[in-house]
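Hi,

Here is the structure I said I would pass on. Have a look at it first, and my notes on what turned up follow below.

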Amino acid sequence: MNQDQLAAIDRYIDDNLPRYIADLQALCRLPSVAAQARAMEETARATAALLEEYGIAARLLPTTRFPVVHGAVAGESDKRLLCYNHYDVQPAEPLELWHSDPFEPEVRDGKLYGRGVGDDKGHILCRLAAIDALKAITGGLPCGVVFLIEGEEEIGSGSLDAHIAEHRDLYAADGCLWEFGGVDYDDRPQIYAGMRGDLYVELRVRTAERDAHSGLGGSIFPNAAWRLTWALATLKDAEERILIPGWYDDVRPAGVRDRELLEALPSDEERLRTTYGIREFLLGVSGLEFKRRAIFEPTCTISGIGAGYQGPGSKTVLPCEAMAKVDFRLVPNQRADDLLEKLKSHLVAEGFGDIEVLQHGGYNAARVDPDHPFVRMVADTGWEVYDRPAVIHPTSGGSGPMDAFVKHLGVPIANVGIGYPDSGAHAPNEHIRLVDFARGAKQTARVMLRMADL
Ligand SMILES: [Zn+2]
């Protein structure tokens, strides 16, 4: 591929941007909120139809919940690129905080606003734009491209592991583009060579059949709020150490290469301090230890807690029910199912057998070799498009179903995308910058071009 052809591809993407954005707007008008089971089949069918429009053979594969959209198109080389995406979105609520209808996407000041424009329907279109431009300029595709577009990412990808295990042949590939990607505040493309795992549970306790007057029961009735807070206090100490026996048994600490990557990461201490108004980080960490703890440490986070009266003024009541949502982030090689059992045994052993544990999700952590030729190639294409080196994170602090891809397909994974830090994913006024969409498509086209040389 010579420079003239690359320039022609870039120009083609810029010229056709309005068409890609119109297709994205149409897809985002479908309110495919997985948590509310809205328009899911309809969106899966629309996604498959869109792939067909771009010349990709597509079909729906059933799962126990929402269908997966599978797409495949052959290329000139026998190399295959797998694109993982999802057509489901987060709920749009609270609706009153949106400046325009979340499901009537609107362009304002060079940005497209709407639920799913970035997370993740925009990434589907970004890949289709790259394919479109390559076909228009070179007459074909340099590599085969396979799409796995699921409908349960925002509710924990419950069907995905079994789906990939069952269809290993369909998804075998030489490299995989993860569902998200983009730049940091300094416009540097970001690559994450892994994700943390996640175990999300709800703890519930009930101590009586109904709430009581606290003057009646205060000294003789059990109190659900106290039971729960005492139980929560056994999970973690003030030094941030998780106290559940065996929790750290399988933890694989950061290795030599991880530490090199951590050292090379730009520090976002100051930015986080000012953005969130944090006076001091937990345990007073800074520098390399700050970067390490941020992504290499298992966490135990109380994400929500509730019991008793929470309105204005006072109400002398003794609550009979209490609940908390607890989010544990996991690192290699912890396993979500093993830790769930350890948590349950721990509560029983501490005398809290009356606390019910409901699981709301679980992923194991996953890691990708940051020096794999595919990852390096993606990083190089990022440099070409953004004119600055990619930042390679040894892992993301966040979680996703990456383990299923690594475990069943053994495929190297990297990020190319259209996001930026203030895009408001999951929040009101989610948006993308149109310039990021174009750059993401240009980088994706370069990745496809380079696949043949891997
Ligand atoms: Zn999301």
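**Around two short helices**

Right after helix α13 comes Gly 410, with a positive phi near 60°. Within α13 itself (residues 402-409), the buried residues are Met 402, Asp 403, Ala 404 and Phe 405. Before you go further, keep in mind that this is a predicted model.

There is another glycine to look at just after α9: Gly 277 has a positive phi of about 65°. Helix α9 (residues 269-276) has eight residues and the number buried is zero, so α9 lies largely in the open.

**Helix α3 and its two partners**

Most of my time went into α3, so let me start with one residue there. Ala 133 lies in helix α3. Is Ala 133 buried or exposed? With 25 other C-beta atoms within 10 Å, Ala 133 is buried; the cut-off for that is 20 or more. Leaving aside residues up to four places away in sequence, Ala 133 touches Ile 9, Tyr 12, Ile 13, Ala 441 and Ala 445. Take Ile 9: Ala 133 and Ile 9 are 124 residues apart along the chain, yet their C-alpha atoms are separated by 5.7 Å.

Those contacts lead to two helix pairs. As a reminder, two packed helices are described by the angle between their axes and the distance between the axes.

How do α1 and α3 cross? The axes of α1 (residues 3-28) and α3 come within 8 Å, crossing at roughly 140°. Angles over 145 degrees would count as roughly antiparallel, so α1 and α3 are oblique to each other. Their crossing is right-handed. On the α1 side, the contact is made by Gln 5, Ala 8, Ile 9, Tyr 12, Ile 13, Asn 16, Tyr 20, Asp 23, Leu 24, Leu 27 and Cys 28. From α3 it takes in Lys 121, Gly 122, Leu 125, Ala 129, Asp 132, Ala 133, Leu 134, Ala 136, Ile 137 and Thr 138. Sorted by class, the contact of α1 with α3 has 14 nonpolar, four polar and three charged residues.

Now for the other partner. Helix α3 (residues 121-138) packs on helix α14 (residues 434-451) at an angle of about 55°, and their axes are 8 Å apart. α3 and α14 are therefore oblique to each other, and α3 passes α14 in a right-handed crossing. α3 contributes Gly 122, Cys 126, Arg 127, Ala 129, Ala 130, Ala 133 and Leu 134 to this contact, while α14 contributes Phe 437, Gly 440, Ala 441, Thr 444, Ala 445 and Met 448. The class split for α3 with α14 is nine nonpolar, three polar and one charged.

**The six-stranded sheet**

What is the order of the strands in the open sheet of six? It runs β1-β2-β6-β3-β7-β18, and the pairing is mixed. β1 and β18 (413-414) stand at the edges with a single partner strand each, so one side of each has no neighbour in the sheet.

Going in from the β1 edge, β1 (residues 57-61) and β2 run antiparallel and are joined by five bridges. A hairpin through six residues links β1 to β2, and Leu 60 stands opposite Val 69 in β2. How much of β2 is buried? Five of the six residues of β2 (residues 68-73) are buried, so β2 is largely enclosed by the rest of the structure.

On to β6 (residues 144-150): β2 and β6 also run antiparallel, with five bridges between them. Gly 71 has Phe 147 in β6 as its bridge partner. Between β3 (residues 80-86) and β6 the strands run parallel, joined by seven bridges, and here Tyr 84 has Leu 148 of β6 as its bridge partner.

**The three-stranded sheet**

There is also an open sheet of three strands, in the order β4-β5-β19, with antiparallel pairing. β4 (106-108) and β19 (431-433) are the edge strands, each pairing on one side only. Neighbouring strands in this sheet are turned by 25° against each other on average, ignoring direction. Three bridges hold the antiparallel pair of β4 and β5 (residues 111-113), with Tyr 113 in β5 as the bridge partner of Glu 106.

Over to you!

Terms used. Residues are numbered from 1 along each chain as its sequence is written. This is a predicted model: local features need pLDDT of at least 70, side-chain atom pairs count only at pLDDT 80 or more; totals for chains, interfaces and linings use all residues. Axes are lines fitted to C-alpha atoms, for helices over the stretch in contact, and angles run from 0 to 180 degrees between N-to-C directions. Helices (H or I, at least four residues) and strands (E, at least two) are DSSP runs, numbered from the N terminus. Angles under 35 degrees count as roughly parallel, over 145 as roughly antiparallel, 65 to 115 as roughly perpendicular and the rest as oblique. A crossing is left-handed if the near helix is turned anticlockwise from the far one by less than a right angle, and right-handed if clockwise. Two residues are in contact if their C-beta atoms, placed from the backbone, lie within 7 Å. Ala, Val, Leu, Ile, Met, Phe, Trp, Tyr, Cys and Pro count as nonpolar, Asp, Glu, Lys and Arg as charged, and the others, Gly among them, as polar. A residue is buried if 20 or more other C-beta atoms lie within 10 Å of its own, exposed if 12 or fewer, and partly exposed in between; C-beta atoms are placed from the backbone. Two strands pair if DSSP finds at least two bridges between them.
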